[in-house]
Amino acid sequence: MASLKQRPNSPFYYIQFKDAHEHWKTKKTKYRIGVPQDDKDARAHCAHQTAHEKSARAANPSEKWDEWVSHFFITHCANPVTRGGYEQSWSWLRSYLEEIEVNVPSQLTHVHCFNYIQWRLTHGVTKRKIKQSTALRDIKVLRLLMTHAVKNQWANGNPCLRMGIRRVPPKEKEEFTDEQIEKIFAKLPQKEKDWRYVAFRIALETGCRLGETQIDFRNIDFKRKTITFVDPKGGKPYTTILPDSLLPMLEKIRKTKAQYTVEINETSSTRFSNFLRKIGLKSHSFHCTRVTFVTRCHRQGIEASKVMRMVNHSSETVHKIYQRLTADDLKPFANLVQFPQPK
């Protein structure tokens, strides 16, 4: 059991406890000896640490994070890119949980989850400032893990649910212009030998996401001219059309005996963004290909329901986010509606 200690010449309480490896440790607290409120808070802190120790000792060794999390990702993430992203988030979560000595799901509290966001924004050596959306992505992964833990009766509840944190609205994605598309092609002269060129063309001409550009050739029907995305976002497979413009490139890649159209990993999005930044397209990202495809489909007068089917959108609200039609696109319809005019 944890206990409060005093040290000569120190006005603060110290707490003695056992860590996850059953080793005794002593830590200084922020509570001052002889201050009524601090005395009360120090005893409460000690009681909390005792409960924490009992919870850790009562847990089965198989409940510890390292015993099951990796297997969870393997069995629940068929898409290797998705799994890579989850594992990247888990590496940060694992560091945090080790630091606060939360070794099993039953020890995790709402306060731990809430405090992680600030911890994530201030830890790690990175060139760019970490965004809150990155920390919230990690919390999403932790929420999935805790849901699994609750189902296995390793925790009484999921403290990651209903945290009441307002999500920061994502920055609106830009549409690629013809000039910008030509500039990207010019900067990727190796064509089929460059994964960026292949992924960009597939996404631009089908509207799929970056991770979905890695297509197994077994899922491409060259006779019927269709592509089947077996593990898209949302998890429900769908089949869409294969544009004639992509046939020569895909046939050329298939002749190399490659299994996939292109190899994508968890760093591909960042690497492509860096490429765009270097050629002067700082406000763009790979996902702008999807915005461009959807917008141009609508500009051609294709019905919204058919465009949604092509890009696998089930929600009209989500679909509208991808449209970048301007007032100029509406000019051909300006005089179609006529009314009686005053004399």
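Rings of Phe, Tyr and Trp (its six-membered ring) pair if their centres lie within 6.5 Å. Keep that cut-off in mind for this tour of a predicted model.

**Stop 1: the ring cluster**

Start by selecting Phe-176, Phe-185, Trp-195, Tyr-197, Phe-200, Phe-272, Phe-275 and Phe-286, and show their side chains. Ring pairs link these residues into a cluster. Now add Arg-196 to the selection: it lies over the face of Phe-275, 4.8 Å from the ring centre.

**Stop 2: the core around the cluster**

Stay here and widen the view. The largest nonpolar core has 37 residues, and Phe-176, Ile-184, Phe-200, Leu-242, Met-249, Leu-250 and Leu-276 are those with the most contacts inside it. To see where the core comes from, colour helix H6 (178-186), helix H7 (195-206), strand S5 (226-229), helix H8 (247-254) and helix H9 (268-278); these are the elements that give it two or more residues. Which helix gives the largest share of this core? Look at H7, the source of 8 residues.

Next, pick Leu-250 and display its surroundings. Setting aside neighbours within four places in sequence, you will find Leu-250 in contact with Ile-202, Phe-217, Ile-220, Phe-222, Leu-242 and Thr-261. While Phe-222 is on screen, bring up Arg-254 as well: Arg-254 lies over the face of that ring, at 4.0 Å from the ring centre.

**Stop 3: a three-stranded sheet**

Ile-220 leads us to the next stop. Switch to cartoon view and find the open sheet of 3 strands, which runs in the order S4-S5-S6 with antiparallel pairing. Its edge strands are strand S4 (220-221) and strand S6 (238-241), each pairing on one side only. S4 and S5 are joined in the antiparallel sense over 2 bridges, and the bridge partner of Ile-220 in S5 is Ile-227.

Between S4 and S5, stop at Lys-225 in the loop. Lys-225 has a positive phi of about 60 degrees although it is not a glycine. Is Lys-225 buried or partly exposed? At 33% relative accessibility, Lys-225 counts as partly exposed.

**Stop 4: helix H3 and a second core**

Now move to helix H3 (residues 80-99). H3 has 20 residues and reaches 29 Å from its first C-alpha to its last, close to the 28 Å expected at 1.5 Å a residue. Select its buried residues: Val-81, Gly-84, Tyr-86, Ser-89, Trp-90, Leu-93, Arg-94, Tyr-96 and Leu-97. They pack against H2, H4 and helix H5 (132-151). Just past the helix comes Glu-101, whose phi is positive, near 60 degrees.

Some of the packing here involves aromatic rings. The model has 18 aromatic pairs. One of them joins Trp-65 and Trp-90, with centres 5.6 Å apart and planes at 55 degrees, so the pair is tilted. Trp-65 sits in helix H2 (residues 65-76) and Trp-90 in H3, so put both helices on screen: the pair links distant parts of the chain, 25 residues apart. Trp-65 is buried at 0% relative accessibility, and Trp-90 is buried too, with a relative accessible area of 9%.

Follow H3 along to Tyr-96, which forms an edge-to-face pair with Tyr-116, 5.2 Å centre to centre and with 70 degrees between the planes. This pair connects H3 to helix H4 (residues 110-122) across 20 residues of chain. Both rings belong to buried residues: Tyr-96 has a relative accessible area of 5%, and Tyr-116 has 1%.

A second, separate core of 29 residues includes Trp-65, Val-69, Tyr-86 and Ala-149.

**Stop 5: along H5**

From Tyr-86, draw a distance to Lys-140, which lies in helix H5. Their C-alpha atoms are separated by 9.3 Å, though the residues are 54 apart along the chain. Lys-140 is partly exposed, with a relative accessible area of 42%.

Then travel to the loop between H5 and H6 and select Gln-153. This residue has a positive phi of about 60 degrees although it is not a glycine, and it is exposed, with a relative accessible area of 72%.

**Last stop: the hairpin**

Finish at strand S1 (residues 3-6) and strand S2 (residues 12-18), which pair in the antiparallel sense over 4 bridges. Select Leu-4 and look across to Ile-15, its bridge partner in S2. The hairpin has 5 residues between the strands, and there Asn-9 takes a positive phi near 65 degrees.

Notes
Residues numbered from 1 in each chain as written. Predicted model: local features only at pLDDT ≥ 70, side-chain atom pairs only at ≥ 80, totals over all residues. Heavy atoms only, no water. Pairing = 2+ DSSP bridges. Phe/Tyr/Trp six-rings, centres within 6.5 Å; stacked < 30°, edge-to-face > 60°. Buried < 20%, exposed > 50% of the residue type's maximum accessible area, 1.4 Å probe, protein only. Lys NZ or Arg CZ within 6 Å of the ring centre and 35° of its normal. Expected span 1.5 Å × (residues − 1). Contact = heavy atoms within 4.5 Å. Core = buried A, V, L, I, M, F, W, Y, C linked by side-chain atoms within 4.5 Å.
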